[in-house]
Amino acid sequence: MKKILVLCVAVAGFLPAVANAVVPSVEQPVAVLRALDKMTARVEVLEIPIKKPISFGNLIITAQTCRITQPEETPESAAFLDISELKPGQKDAPVFHGWMFASSPALSAMEHPVYDMWLVGCKAPATK
């Protein structure tokens, strides 16, 4: 009985933290990703405008949205990405479709034998 009571207290203490989780809510027009080509050890920082596909190696990356938290909240960036691979003589193969979070790259990672990609953040476009 004591074990059940301790478990209930532990769960009850955890639930308020989940309920108060910070959700990124400010839309930014550019997603910033870091990409690694494991074959050549090439690392690049990619600035991807929303809804404008760019390529890295034989991957096509499209950022559907990129959001950050309000300045008074804990910093967090999240991007919804579509990543597909161009294969000669075949239809584009989806590699990743979903949210990536800058603070937790392993939470929703892209799994690919040649490329690694993770979100660095979101930003406004550079002014000229």
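This passage describes the overall make-up of a predicted model and then its disulfide link.

The chain contains one helix and eight strands. Read from the N terminus, the order of these elements is α-β-β-β-β-β-β-β-β, with the helix ahead of the strands. The chain has 128 residues, of which 29% count as buried. Its accessible surface amounts to about 8300 Å², and carbon and sulfur atoms account for 63% of that area. Contacts that span long stretches of sequence are also part of the picture: when residues at least 6 apart in sequence are considered, 46% of the contacts between them join residues at least 24 apart.

One link between separate parts of the chain is covalent. The count of disulfides comes to one, and the bond is formed by Cys66 and Cys122, with an S to S distance of 1.8 Å. The pair qualifies because the two sulfur atoms lie within 2.5 Å. Cys66 belongs to strand S5 (residues 59-68), whereas Cys122 belongs to strand S8 (residues 115-123). The two cysteines are 56 residues apart, and the bond thus links distant parts of the chain. About the S-S bond the angle is -80°, and the link of Cys66 and Cys122 is left-handed.

Both ends of the bridge can also be placed with respect to solvent cover. Cys66 has 0% relative accessibility and therefore counts as buried. Cys122, at 13% relative accessibility, counts as buried too, because the cut-off for this class is under 20%.

Key. Residues are numbered from 1 along each chain as its sequence is written. This is a predicted model: local features need pLDDT of at least 70, side-chain atom pairs count only at pLDDT 80 or more; totals for chains, interfaces and linings use all residues. Side-chain values use heavy atoms; hydrogens and water are left out. Helices (H or I, at least four residues) and strands (E, at least two) are DSSP runs, numbered from the N terminus. Buried means under 20% relative accessible area, exposed over 50%, partly exposed in between (1.4 Å probe, protein chains only). Contact means heavy atoms within 4.5 Å. Accessible areas come from the Shrake-Rupley method with a 1.4 Å probe; for residues, only the protein chains shown count as cover.
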